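Hi,

Here is the structure I promised to pass on. Have a look at it first, and then read my notes below.

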Amino acid sequence: MNKVKKTAVFLINLGTPDSPSVPDVRKYLREFLMDRRVIDIPFLNRWFLINFIIAPFRAPKSAKVYKELWTAEGSPLLTYGLEVQKLLQAKLDENFQVFFGMRYQNPSIEKAVKEMEGKGFEKIVILPLFPQYASASTGSAVEKAMEYINKWEVIPEIKIVANFPNHPLFIKGFAEIGRKYLEKDKFDHVIFTYHGLPERQIKKSAVQSYCQLNDKCCSKYHSKNYYCYRAQCYETTRHLVKELGLEEGTYSVAFQSRLGKTPWIKPYTDDLIKELGAKGVKRVLAFSPSFVADCLETTIEGGVEYRDMFKEHGGEHWQLVESLNNHPLWIECMEDLVLN
């Protein structure tokens with residue numbers, strides 16, 4: 001029998017301010033938006049934009065929203081991150097040690113990597129907690145982790161889980177959470193709303209210029225669009241639709257959280273909400289399958305802002321399906337990703 005290697009499992013999520021105070025939010029925004037993979041423009045342009053326009057003016061507004069999100073335990077993204085670290089550790093045997101870090105702010109990737117160093121790990125499994133690969137999320141997290149691991153004298157075997165948009169347990173987990181609403185209430189329409197990306201970032205990662213940013217090239221998932229973020233989102237949707245037994249015409253895919261004036265991937269969630277209201281749709285169930293833990297984009301944007309917008313345009317009931325958070329099937333999914 002093959003010996004099981006002593007393995008470090010490194011869970012990485014995006015990040016959160018240390019507190020909802022304006023200085024902490026400003027510090028977070030500066031680190032996040034200065035990432036070349038997030039805002040992919042020349043350094044000096046990015047530095048001026050972030051430090052003189054976005055961070056100074058956006059931080060006070062964002063701080064107010066973070067105060068709405070904050071719980072007695074702190075930021076949900078951090079709370080659930082630490083909880084799933086413990087739950088996954090309990091599922092794995094003594095040959096595995098689970099670490100958790102944030103790409104931006106604390107607990108930092110640097111701190112987690114320092115904790116791993118010198119422990120005699122023969123293998124590291126890097127598991128960014130982003131179901132669909134994007135350069136600005138998974139790519140950035142892996143790049144930062146490797147920046148510190150590359151400084152080690154001995155670099156062990158490394159496995160990177162780049163994406164899992166159609167993993168059966170990931171799909172079943174989200175479907176199980178959403179089904180409780182579908183079984184007790186009636187909805188006219190279901191929206192699958194994913195975080196958006198600039199169109200230029202999709203095109204930059206395209207294989208042989210395959211990507212056309214339309215439903216035709218995203219209708220099937222294969223080697224040429226395996227790392228296309230938009231195609232992965234549609235792949236996740238197809239599996240959720242099948243698992244939930246939804247009929248064609250009763251659901252839509254859209255993208256939220258755009259920033260700036262350049263084109264982002266379409267359709268936009270806010271435009272779709274207005275269209276549904278104009279068509280007389282009254283009751284909507286919304287999923288956010290690009291987030292495995294509740295955060296600003298789910299709880300506030302998806303749960304509050306979109307609800308208010310929907311009602312302003314004639315809607316009556318908007319229900320957001322919470323993220324996987326600490327759901328047992330999500331813990332099983334991570335275990336399977338690590339082992340298999």
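What follows is a walk through the things I found in it.

Before anything else, keep in mind that this is a predicted model.

Let me start with the interior. The largest nonpolar core has 101 residues. Phe-10, Leu-11, Leu-127, Phe-192, Tyr-229, Trp-330 and Met-334 are the ones with the most contacts inside that core. If you want one residue to click on, try Leu-127. Leaving aside neighbours within four places in sequence, Leu-127 is in contact with Phe-10, Leu-11 and Ile-12, with Val-161 and Phe-164, and with Met-334, Leu-337 and Val-338. There is also a second, separate core, this one of 13 residues, and its members include Leu-272, Val-281, Val-284 and Phe-310.

Leu-272 from that second core sits in helix H9. With a relative accessible area of 9%, Leu-272 is buried, and beyond the residues up to four places away in sequence it touches Ile-191, Ser-252 and Ala-254. Leu-272 and Ile-191 are 81 residues apart in sequence, while their C-alpha atoms are 9.0 Å apart in space.

Next, helix H5. Of the 15 residues in H5 (residues 135–149), 12 are buried, so this helix is largely enclosed by the rest of the structure. The buried set runs Ala-136, Ser-137, Thr-138, Gly-139, Ser-140, Ala-141 and Val-142, then Lys-144, Ala-145 and Met-146, and finally Tyr-148 and Ile-149. Note that a lysine, Lys-144, is among them. And what covers these buried residues of H5? The cover includes strands S1 (7–15), S2 (96–104), S3 (123–128) and S4 (157–160), along with helices H4 (109–116) and H7 (199–204).

For helix packing, look at H2 (residues 43–69) and H10 (residues 296–312). Their axes come within 10 Å and cross at roughly 100 degrees, which means H2 is roughly perpendicular to H10. On the H2 side the contact is made by Val-65, Tyr-66, Glu-68 and Leu-69, and on the H10 side by Leu-296, Thr-299 and Ile-300. By class, that contact has five nonpolar residues, one polar and one charged.

Two buried residues deserve a click of their own. Gln-256 belongs to strand S6 (residues 251–256) and counts as buried because its relative accessibility is 1%. The side chain of Gln-256 has a polar contact of 2.6 Å with the side chain of Thr-193. Leaving aside neighbours within four places in sequence, Gln-256 is in contact with Thr-193, Tyr-194, His-195 and Gly-196, and also with Thr-269, Ser-288, Phe-291, Glu-297, Glu-301 and Tyr-306.

The other one is Cys-333, in helix H11 (residues 328–339). At 0% relative accessibility, Cys-333 is buried too. Its contacts, again without the neighbours within four places in sequence, are His-167, Leu-169 and Phe-170. Cys-333 and Leu-169 are 164 residues apart in sequence, yet 5.1 Å apart in space from C-alpha to C-alpha.

Now the backbone oddities. As a reminder, most residues other than glycine have a negative phi, and most peptide bonds are trans. Here are the exceptions I'd check:

- Asn-106 and Pro-107 are joined by a cis peptide bond, with omega about -5 degrees. Pro-107 is placed in the loop between S2 and H4.
- Lys-266 to Pro-267 is a cis peptide bond as well, with omega near 5 degrees. Pro-267 is in the loop between S6 and helix H9 (269–278).
- Gln-208 is not a glycine but has a positive phi of about 50 degrees. This residue is in the loop between H7 and helix H8 (229–244) and, at 64% relative accessibility, counts as exposed.
- Ser-257 is not a glycine either, and its positive phi is about 65 degrees. Ser-257 lies in the loop between S6 and H9 and counts as buried at 18% relative accessibility.

One last detail, back in the loop between S2 and H4, where Ser-108 lies. A polar atom of the Ser-108 side chain is 3.0 Å from the backbone nitrogen of Lys-111. Not counting residues up to four places away in sequence, Ser-108 touches Gly-101 and Met-102.

Cheers

Technical notes:
Residues are numbered from 1 along each chain as its sequence is written. This is a predicted model: local features need pLDDT of at least 70, side-chain atom pairs count only at pLDDT 80 or more; totals for chains, interfaces and linings use all residues. Side-chain values use heavy atoms; hydrogens and water are left out. Axes are lines fitted to C-alpha atoms, for helices over the stretch in contact, and angles run from 0 to 180 degrees between N-to-C directions. Helices (H or I, at least four residues) and strands (E, at least two) are DSSP runs, numbered from the N terminus. Angles under 35 degrees count as roughly parallel, over 145 as roughly antiparallel, 65 to 115 as roughly perpendicular and the rest as oblique. Contact means heavy atoms within 4.5 Å. Ala, Val, Leu, Ile, Met, Phe, Trp, Tyr, Cys and Pro count as nonpolar, Asp, Glu, Lys and Arg as charged, and the others, Gly among them, as polar. A nonpolar core is a set of buried Ala, Val, Leu, Ile, Met, Phe, Trp, Tyr and Cys residues joined through side-chain atoms within 4.5 Å. Buried means under 20% relative accessible area, exposed over 50%, partly exposed in between (1.4 Å probe, protein chains only). A polar contact is a pair of N or O atoms within 3.5 Å; within protein, one must be able to donate a hydrogen and the other to accept it, and residues adjacent in sequence count only if both atoms are side-chain atoms.
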